[in-house]
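Let's take a walk through a protein model together. Have the sequence and the 3D view ready, and we'll go feature by feature.

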Amino acid sequence: MATKIFTTTLISLIIIISSSHQLLALNHTPKFFRKFPFPSSAKSSQSQPQLDIHYETKFFQQRLNHFSFFKTPMFPQRYLINTENWVVGSGPIFLYCGNEGDIVWFAQNTGFIWEIAPKFGAMVVFPEHRYYGESVPFGSKEEAYKNASTLGYLNAQQALFDFAVLVTDLKRNYSANACPVVLFGGSYGGMLAAWMRLKYPHIAIGALASSAPILQFEDIVPPETFYDIVSNGFKRESSSCFNYIKQSWDVIESKGQTSDGLELLTKTFRFCQKLKSTEDLRDWLESAYSYLAMVNYPYPSEFLMPLPGHPIKEVCRRIDKGPAGTSILERIYEGVNVYYNYTGEAKCFELDDDPHGLSGWNFQACTEMVMPMSSSRKSSMFPPYEYNYSSFQEDCLKNFGVKPRPKQITTVFGGHNIHLALRKFGSNIIFSNGLLDPWSGGSVLQNISESIVSLVTEEGAHHIDLRASTENDPDWLVEQRATEVKLIQGWISDYYQNYKVVFDM
């Protein structure tokens, strides 16, 4: 199951640097998860029990363009629904805002909702994001992803309207008009949950937005924030580990320029086919480091790959433990092997990705999800580079025929002076973040009001609070989830109380 899930999902935080350390713009787009496949011959570990969840899979016909009154094509939106614990007609509806990938994968990795739903008597709904998974317009992914004209309906505003139309229809069909809707989401899904609460307060009474970098736009946060946090995650475990990684980029570049350099790098890192460039290797390594920072959980997990608890600690242990005379590249291989081959079952590694080199997120990053990022020379372990919007724009025009709109998200959803804005008109949003997660730097890390709160944990990683509970959960995580449950209970109680007053009147 893990292999299928990983290869069908998502997108990454990958960066590709040219030999002169200049930005290759489109390849440098910030992404949440990348579709790097599992190592050749590797199988997922079954050491972590699978979450036992039950749901019906259904499809809802959505308009392709909600913002036009001309006749528009329809497409089937997949959604997963569970009503086993729902108190018919009065229980809340827990709706997870689908991310940029297969919705089944998110349902299987969002145990928190499934665990608390029985306590609330809640209906659970996981709608899939348009253009991802099986919710593809124009009859096929090939047709939907053909060009900018067919991809042009892939954006956050259309997706939020999908969710709003779907839940409104469900409430009508299930005689649930009086039932409050609570939104959940992690990462991009967390951004959607927060934005939907702000844009559709009449539809949803509150939102839990976990690891949601809604401030990672324009110049709201410094562009080097993400990679500084990734780097600090390694540096706090071992300064020598940090330095080995920092030095490795020049070694890789130097080795790759020799006559047999690519062949030697291929053998050192056990790739199944010969490397075509050092950029492919850098991309592969940077992917692993970024993901390790995101899923630096305190217990073993299989969210992206089978990994031990505190995986960065194990990576640095392997990098540092090499005896005298061990080369930097041999150390790096031993470390990154924790991410790509912790089970030890891989014979070699494949670098094949999407044969078109494009995903739905690439298009979103070239249109509205423009997140500036850079790598600082002093504090980052990655090659230094500056954010270059002009180069980014050129690549978007070349690949999609579109110009990015870097101000679109902040114009539609806000972001600048967000504390002042939300304090005046927002309510009932939880922004939860772990400071080990590199996306935390672009999220809300301070309370805005009594009902828009920030739950920050020093040892937390990427939306760890949404994952299923385990016997290895640290006390701070148990307490965080208990706080979230209490806040959600408060929203629902207030809703019922106000609804009764209105009904009585």
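Is the disulfide of Cys241 and Cys316 left-handed or right-handed? The torsion about its S-S bond is about -70 degrees, so this disulfide is left-handed. Cys241 sits in helix 9 (residues 239-256) and Cys316 in helix 12 (residues 311-320), so the bond ties together parts that are 75 residues apart in sequence. Between the sulfur atoms of Cys241 and Cys316 the distance is 2.2 Å, and both of these cysteines are buried.

Before we go on, keep in mind that what you're looking at is a predicted model.

**The whole chain**

Let's step back for a moment. The protein chain has 505 residues, and 59% of them count as buried. You can pick out 18 helices and 8 strands along the chain. Now think about contacts between residues with a separation of 6 or more: 73% of those in the protein chain come from residues 24 or more positions apart.

How sure is the predictor? The protein chain averages a pLDDT of 89, and 88% of the residues score at least 70. Residues 1-30 are another story, as the pLDDT there is below 50. This stretch still has 119 contacts in the model beyond near neighbours in sequence. Residues 34-49 also have a pLDDT that stays under 50, and for them the model has 69 contacts beyond four places in sequence.

**The disulfides**

How many disulfides does the structure hold? There are 3 of them, and here they are side by side.

| Pair | S to S distance | S-S torsion | Handedness |
|---|---|---|---|
| Cys241 and Cys316 | 2.2 Å | about -70 degrees | left-handed |
| Cys272 and Cys348 | 2.0 Å | about 95 degrees | right-handed |
| Cys366 and Cys396 | 2.0 Å | about -85 degrees | left-handed |

Let's look at the pair of Cys272 and Cys348, joined by a disulfide with an S to S distance of 2.0 Å. This pair links distant parts of the chain, 76 residues apart. Cys272 is in the loop between helix 10 (261-268) and helix 11 (278-294), while Cys348 is in the loop between helix 13 (328-341) and helix 14 (360-367).

Is Cys348 buried or exposed? Cys348 has a relative accessible area of 17%, so it counts as buried. Its partner Cys272 has a relative accessible area of 23% and is therefore partly exposed. The cut-off helps here: buried means under 20% relative accessible area.

Then there's the pair of Cys366 and Cys396, whose torsion of about -85 degrees makes a left-handed disulfide. Cys366 belongs to helix 14 and Cys396 to helix 15 (residues 389-400), so this bond ties together parts that are 30 residues apart in sequence. Cys366 is buried, at 0% relative accessibility, and Cys396 is buried too, with a relative accessible area of 0%.

What is the pairing if you number the bonded cysteines of the protein chain in sequence order? You get 1-3, 2-4, 5-6.

While you're hunting for cysteines, look at Cys97 as well: Cys97 is buried, with a relative accessible area of 0%. Cys179 is buried, and its relative accessible area is 0%.

**Helix 9 meets helix 10**

Back to helix 9, the home of Cys241. How do helix 9 and helix 10 meet? Their axes come within 7 Å and cross at roughly 130 degrees, so helix 9 and helix 10 are oblique to each other. On the helix 9 side, Ile252, Lys255 and Gly256 make the contact. Helix 10 brings Gly261, Leu262, Leu264 and Leu265. Sort the residues of this contact by kind, and you have 4 nonpolar, 2 polar and 1 charged.

**A glutamate in helix 12**

One more stop. Helix 12, where Cys316 lies, also contains Glu314. Is Glu314 buried or exposed? With a relative accessible area of 16%, Glu314 is buried.

Which residues does Glu314 touch, not counting residues up to four places away in sequence? The answer is Pro308 and Val338. Glu314 and Val338 are 24 residues apart in sequence, and their C-alpha atoms are 7.3 Å apart in space.

Note on methods: Residues are numbered from 1 along each chain as its sequence is written. This is a predicted model: local features need pLDDT of at least 70, side-chain atom pairs count only at pLDDT 80 or more; totals for chains, interfaces and linings use all residues. Side-chain values use heavy atoms; hydrogens and water are left out. A disulfide is a pair of cysteine sulfur atoms within 2.5 Å. Helices (H or I, at least four residues) and strands (E, at least two) are DSSP runs, numbered from the N terminus. Buried means under 20% relative accessible area, exposed over 50%, partly exposed in between (1.4 Å probe, protein chains only). Axes are lines fitted to C-alpha atoms, for helices over the stretch in contact, and angles run from 0 to 180 degrees between N-to-C directions. Angles under 35 degrees count as roughly parallel, over 145 as roughly antiparallel, 65 to 115 as roughly perpendicular and the rest as oblique. Contact means heavy atoms within 4.5 Å. Ala, Val, Leu, Ile, Met, Phe, Trp, Tyr, Cys and Pro count as nonpolar, Asp, Glu, Lys and Arg as charged, and the others, Gly among them, as polar. pLDDT is the predictor's confidence in each residue, from 0 to 100.
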